[in-house]
Amino acid sequence: MAKKLKVGILGATGAVGQRFVELLEGHPWFEIGALYASGRSAGKTYKEAVDWKVPVTRPTYLDGEVVRDMQPDEPLDLVFSALPRETAKTVEVDFARAGVPVISNASAYRMGQDIPLLIPEVNPEHTGLIDYQRQQRGWDGYIVTNPNCSVIGLVLALKPLDDAFSISQVNVVTMQAKSGAGYPGPPPEVIDDNVLPFIGGEEDKLEEEPAKLLGTLGPRGIKAADLVVSAQCNRVNVLDGHLEAVNLKFRQPASVEEVTEALNSFRSVPQEAGLPFAPDQPVTVREEDDRPQPKLDRDTGKGMTATVGRIRPDSLFDIKFMVLSHNTIRGAAGAAILNAELLKHQGYL
Ligand SMILES: NC(=O)c1ccc[n+]([C@@H]2O[C@H](COP(=O)([O-])OP(=O)(O)OC[C@H]3O[C@@H](n4cnc5c(N)ncnc54)[C@H](OP(=O)(O)O)[C@@H]3O)[C@@H](O)[C@H]2O)c1
C-alpha cells in the first residue's frame, strides 16, 4: 500500500476542524500528523482541548495528540485550514511560504486573482492557477480554497444547468443551519423560536463566488462568467444543512423535465476518477412535494450530494427549485478533502 500523505489541521477544535477529524479517520490517502488551534488549546491533548459538538460519537484515535500553536515547523505534505478569516490571512501564508500546500475553508483568499476557488465537479481545471500563484508569490507551497458553504450547494446545481441552458440571472434566499456560525454559535435564547435575517458577509459571498467558479481559466486568472446573483441569507434553528430557494433565468429555453435530467445526470472528474470522497451523484433530484428537508436529506451521499426538489416553472424567472447541502461536510471539511484528492489525482500533491 502506498504511504499516506501526512496532513495538519489548522483550527482542529472548531466546527469544521472537528468534521476533518471525523472524516479523515481511516482515509485511504491521508493521515493526520498534526493538530493546530489557538493559544487557548495549544499544549493540551486533543481530548482536553475539544468540546465535541459533531452529532456522531467523538473518534478517539487522536485523544492523546497534543494540540500545537500555529508554527509551520512539522514536516507535512499539506494542511487543511479551518481558521477564522482574520487568522487565516497570516497563518495560511506562513504555511504556503514554508512550502506546505494549504487547502482552505476560510474566505480570506478565495477571490484572489491567482487563487483557485474550487469545486472538483465544477471547475477542476482551475487548479491550473497554482503555477501562476507560485510564480507571482515566490512560494514553494500554495493556497487552494473551497467556496462558502451555501455557494457550494448552489453552484453544484447551477453548473449542469449553465452548461445546458446558459444562466443569466440567479435569485437565492438561504435558510442556513446553526453549525454554519461555528462554535459556540448563536445562543439558544437568540435562535430558538426564531429566524435571524442577517449573516455578516454571507450575501456578498453568494453574489461574488459563483461567477468565479463558473468562469474560464486564463493564464493570469479567471474570466468571470456572465451571470448576476442576488442573495438574501437567514440563520434558522437547524443543526446542520443549508436549504436554499433558487430562481433562475436562462438564455436558452428549459423545461422542468430537461432541468431534472440535467441535474440527475451530472457527473464530472471526481466521479470518473473514482476519488474516495466523490459521491456517485453530485446532485440528486427528489420528486416529493415536501423535499429536500435538512433533517432527512443532508446526509445523502455521506453528506457530499446536494439534493434538489420542487423544480417548477417560475412566473418572474424561468425555473425555481429548492437545494439542500450539508454545510460542514459538502460545504466545508468534505469539500476540502475532495479538493485535496483532486490535487493528488492531478499531481499537485
Ligand atoms: N461552519 C461552517 O459550516 C463553515 C462552512 C464553510 C466554511 N467555514 C469557514 O471555516 C472556518 C472555520 O469555521 P468554524 O465554523 O469551524 O469556526 P469555529 O468553530 O469558530 O473554529 C475556529 C477554529 O480556529 C481556531 N482559532 C480561533 N482563533 C484563533 C487564533 N487567533 N489563532 C489560532 N487559531 C484560532 C479555534 O481554536 P480554539 O478552539 O483554540 O479557539 C478553532 O479551532 C471559517 O473561516 C469559516 O468561515 C465554516
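## Exercises on a ligand shell, two domains and a strand

The residues of the shell around the ligand divide into twelve nonpolar, 15 polar and two charged. The model is predicted.

**Exercise 1. Describe the shell around the ligand: how many residues surround the ligand, and which are the closest?**

Step 1. Count the shell. The ligand is surrounded by 29 residues.

Step 2. Pick out the closest. These are Gly 11, Gly 14, Ser 38, Ser 41 and Gly 182.

Step 3. Assign elements. Helix H1 (15–24), helix H3 (85–97) and helix H11 (329–345) each give two or more residues to the shell. H1 supplies the largest share, three residues.

Step 4. Assign domains. Domain 1 (5–148 + 333–345) and domain 2 (149–326) each contribute at least three residues to the shell.

**Exercise 2. Set out the domain division, then work out what the contact takes from domain 1 and from domain 2.**

Step 1. Fix the bounds. Domain 1 covers 5–148 + 333–345, and domain 2 covers 149–326.

Step 2. Place the centres. The C-alpha centres of domain 1 and domain 2 are 23 Å apart.

Step 3. Count the contact. Domain 1 gives 34 residues and domain 2 gives 33 residues.

Step 4. Look at the side of domain 1 that touches domain 2. Its largest share, seven residues, comes from H11. H11 also gives two or more residues to the shell around the ligand.

Step 5. Sort that side of domain 1 by residue class. There are 16 nonpolar, eleven polar and seven charged residues.

**Exercise 3. Is strand S14 (residues 319–325) largely enclosed or open, and why?**

Step 1. Use the burial cut-off. A residue is buried if 20 or more other C-beta atoms lie within 10 Å of its own.

Step 2. Apply the cut-off to S14. Five of its seven residues are buried, so S14 is largely enclosed by the rest of the structure.

**Exercise 4. Find the strands that pair with S14: how many bridges join S11 to S14, and how many join S13 to S14?**

Step 1. Take strand S11 (residues 242–250). S11 runs antiparallel to S14, and seven bridges join them. Within this pairing, Val 246 stands opposite Phe 321 of S14.

Step 2. Take strand S13 (residues 306–313). S13 pairs with S14 over five bridges, again in the antiparallel sense. Here Arg 312 stands opposite Lys 320 of S14.

Step 3. Check the connection. S13 and S14 form a hairpin, with five residues between them.

Step 4. Put the picture together. S14 pairs with S13 and is joined by bridges to S11.

Terms used: Residues numbered from 1 in each chain as written. Predicted model: local features only at pLDDT ≥ 70, side-chain atom pairs only at ≥ 80, totals over all residues. Near = placed C-beta within 6 Å. Helix = DSSP H or I, 4+ residues; strand = E, 2+ residues; numbered from the N terminus. Nonpolar A, V, L, I, M, F, W, Y, C, P; charged D, E, K, R; others polar. Domains from an automatic or database assignment. Buried ≥ 20, exposed ≤ 12 C-beta atoms within 10 Å, placed from the backbone. Pairing = 2+ DSSP bridges. Contact = placed C-beta atoms within 7 Å.
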